[in-house]
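Work through the following exercises with the sequence and the model side by side. Each task is followed by a solution that proceeds step by step.

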Amino acid sequence: MSFTLDEAIALADSAHRGAVELGHRRGGDRRYAVRRLAEAAGYGPAYQAVAALHDDDEERGLGPLLLHRARDVGAPPEVVAALDSITRRPDPDEPSGWEDYQGSLVPRAAADDIGRVVMLLDGLVAMLPWHAQEPAEAWRLHVELRHVPAQATLLAAEALRRADGLPGSFPVERGAFVRWGIALETRLRGSA
C-alpha cells in the first residue's frame with residue numbers, strides 16, 4: 001500500500017478537525033509552517049509527511065493517535081519510525097502525565113534522521129515571533145526552557161551525523177541555524 005504526502009496531510013487534518021470540535025485549540029498553522037519549511041529546505045516527502053503528522057500538544061493527545069493511524073494506513077516504516085521518535089509518550093509516573101521532554105523525547109528524536117530534522121524545524125517555527133502564542137512572557141520562557149535546550153541537543157546530533165557524511169541543508173551552529181530559519185520563513189511568507 002502506498003502512502004502519499006497528500007494522504008498524510010488529510011489524515012492529520014482529519015484528526016485536528018476532531019480535536020477542534022472537542023474544544024481544543026487549532027494546531028494546524030504550526031504544522032503547516034513546519035511542512036513548508038521542510039519542503040523549502042529541500043527535504044522530501046517522508047520529512048514533509050512527518051511534519052504534517054507531528055503534533056506536540058499533549059493536551060489534545062493527537063500525537064499517539066496520529067502515530068497509530070499512520071501505522072494502520074500503511075505509512076512507510078521510515079515515516080512511522082520518525083513519527084514515533086518525535087511523539088511524546090504517556091507516562092503516569094510523571095507529574096504532567098507525559099514522558100520527560102528533555103530526558104526522553106529529545107534524545108530519541110536526535111537518534112532518528114528524519115525525526116531530528118522535523119523536531120528542529122518545529123522548534124524553530126515555535127521560536128519565530130509570528131508563531132508566538134500569548135502571553136508573550138510565558139511563551140518566551142517556554143521557548144527558553146524547552147526549545148533552546150532541545151535545539152542544542154538536536155544540532156549536536158546533526159553535527160555528528162554530518163561528520164559521518166550525512167548531507168544537510170542548514171547550518172548546525174545554533175545562531176546560524178536560527179538566522180537561516182528566519183530568512184527561509186520570511187521568504188516563504190513573502191511568497192504566500
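**Exercise 1.** Decide whether F170 is buried or exposed, and do likewise for W180.

*Solution.* Begin with F170, whose relative accessibility in this predicted model is 3%, and compare this value with the cut-off, which places buried residues under 20%. F170 therefore counts as buried. Continue with W180, which has a relative accessibility of 18% and so also counts as buried.

**Exercise 2.** Describe how the rings of F170 and W180 are placed relative to one another, and say where in the chain the two residues lie.

*Solution.* A pair of aromatic rings is described by the distance of the centres and the angle of the planes. For F170 and W180, the ring centres are 5.5 Å apart and the planes stand at 45°. Stacked pairs have planes under 30 degrees apart and edge-to-face pairs over 60, with the rest counted as tilted, so the pair of F170 and W180 is tilted. As for position, F170 belongs to the loop between α8 (136-163) and α9 (174-191), whereas W180 belongs to helix α9, and the two are 10 residues apart.

Next, consider the pair that W180 forms with F177, where the centres are 5.8 Å apart and the planes differ by 25°, and which is classed as stacked. F177 and W180 are both buried, and because they are 3 residues apart in helix α9, about one helical turn separates them.

Finally, place these pairs in their wider setting: the count of aromatic pairs comes to 5, and ring pairs link Y43, Y47, F170, F177 and W180 into a cluster. The face of F170 also has a charged neighbour, since R162 lies over it at 4.8 Å from the ring centre.

**Exercise 3.** Find how many residues make up the largest nonpolar core, and which of them have the most contacts inside it.

*Solution.* The largest nonpolar core has 50 residues, and those with the most contacts inside it are V50, L53, M119, F170 and W180. Helix α7 (residues 113-127) gives the most to this core, contributing 8 residues. In soluble globular proteins, nonpolar side chains tend to be buried together.

To see the surroundings of one core residue, leave aside the neighbours within four places in sequence; M119 is then in contact with I86, Y101, L105, V106, A109 and L154.

**Exercise 4.** Describe the packing of helices α6 and α8, and name the residues that make the contact.

*Solution.* Two packed helices are described by the angle between their axes and the distance between the axes. The axes of α6 (residues 101-110) and α8 come within 10 Å of each other and cross at roughly 35°, and the crossing is right-handed. On the side of α6 the contact is made by Y101, Q102, V106, A109 and A110, while α8 supplies L145, R146, H147, P149, A150, T153, L154 and A157.

Two of the residues named here can be followed further. R146 lies over the face of Y101, at 3.8 Å from the ring centre. T153, in helix α8, is partly exposed, because its relative accessible area is 35%; its C-alpha atom is separated by 9.7 Å from that of R116, although T153 and R116 are 37 residues apart along the chain.

**Exercise 5.** Establish where E99 and L105 are found, and whether each is buried or exposed.

*Solution.* E99 is found in the loop between α5 (77-85) and α6, and with a relative accessible area of 8% it is buried. L105 is found in helix α6, and its relative accessibility of 3% means that L105 too counts as buried.

Now compare their contacts, again without the neighbours within four places in sequence. Those of E99 are T87, R88, R89, P90, D91, E94, S104, L105 and R108, and those of L105 are S85, I86, T87, R88, E99, D100 and M119.

**Exercise 6.** Summarise the chain as a whole: how many helices and strands does it have, and what share of its residues counts as buried?

*Solution.* The chain has 9 helices and 0 strands. Of its 192 residues, 47% count as buried. Among contacts with a separation of 6 or more, 63% join residues 24 or more positions apart.

Technical notes
Residues are numbered from 1 along each chain as its sequence is written. This is a predicted model: local features need pLDDT of at least 70, side-chain atom pairs count only at pLDDT 80 or more; totals for chains, interfaces and linings use all residues. Side-chain values use heavy atoms; hydrogens and water are left out. A nonpolar core is a set of buried Ala, Val, Leu, Ile, Met, Phe, Trp, Tyr and Cys residues joined through side-chain atoms within 4.5 Å. Buried means under 20% relative accessible area, exposed over 50%, partly exposed in between (1.4 Å probe, protein chains only). Helices (H or I, at least four residues) and strands (E, at least two) are DSSP runs, numbered from the N terminus. Contact means heavy atoms within 4.5 Å. Rings of Phe, Tyr and Trp (its six-membered ring) pair if their centres lie within 6.5 Å; planes under 30 degrees apart count as stacked, over 60 as edge-to-face and the rest as tilted. A charge sits over a ring if NZ of Lys or CZ of Arg is within 6 Å of the ring centre and within 35 degrees of the ring normal. Axes are lines fitted to C-alpha atoms, for helices over the stretch in contact, and angles run from 0 to 180 degrees between N-to-C directions. A crossing is left-handed if the near helix is turned anticlockwise from the far one by less than a right angle, and right-handed if clockwise.
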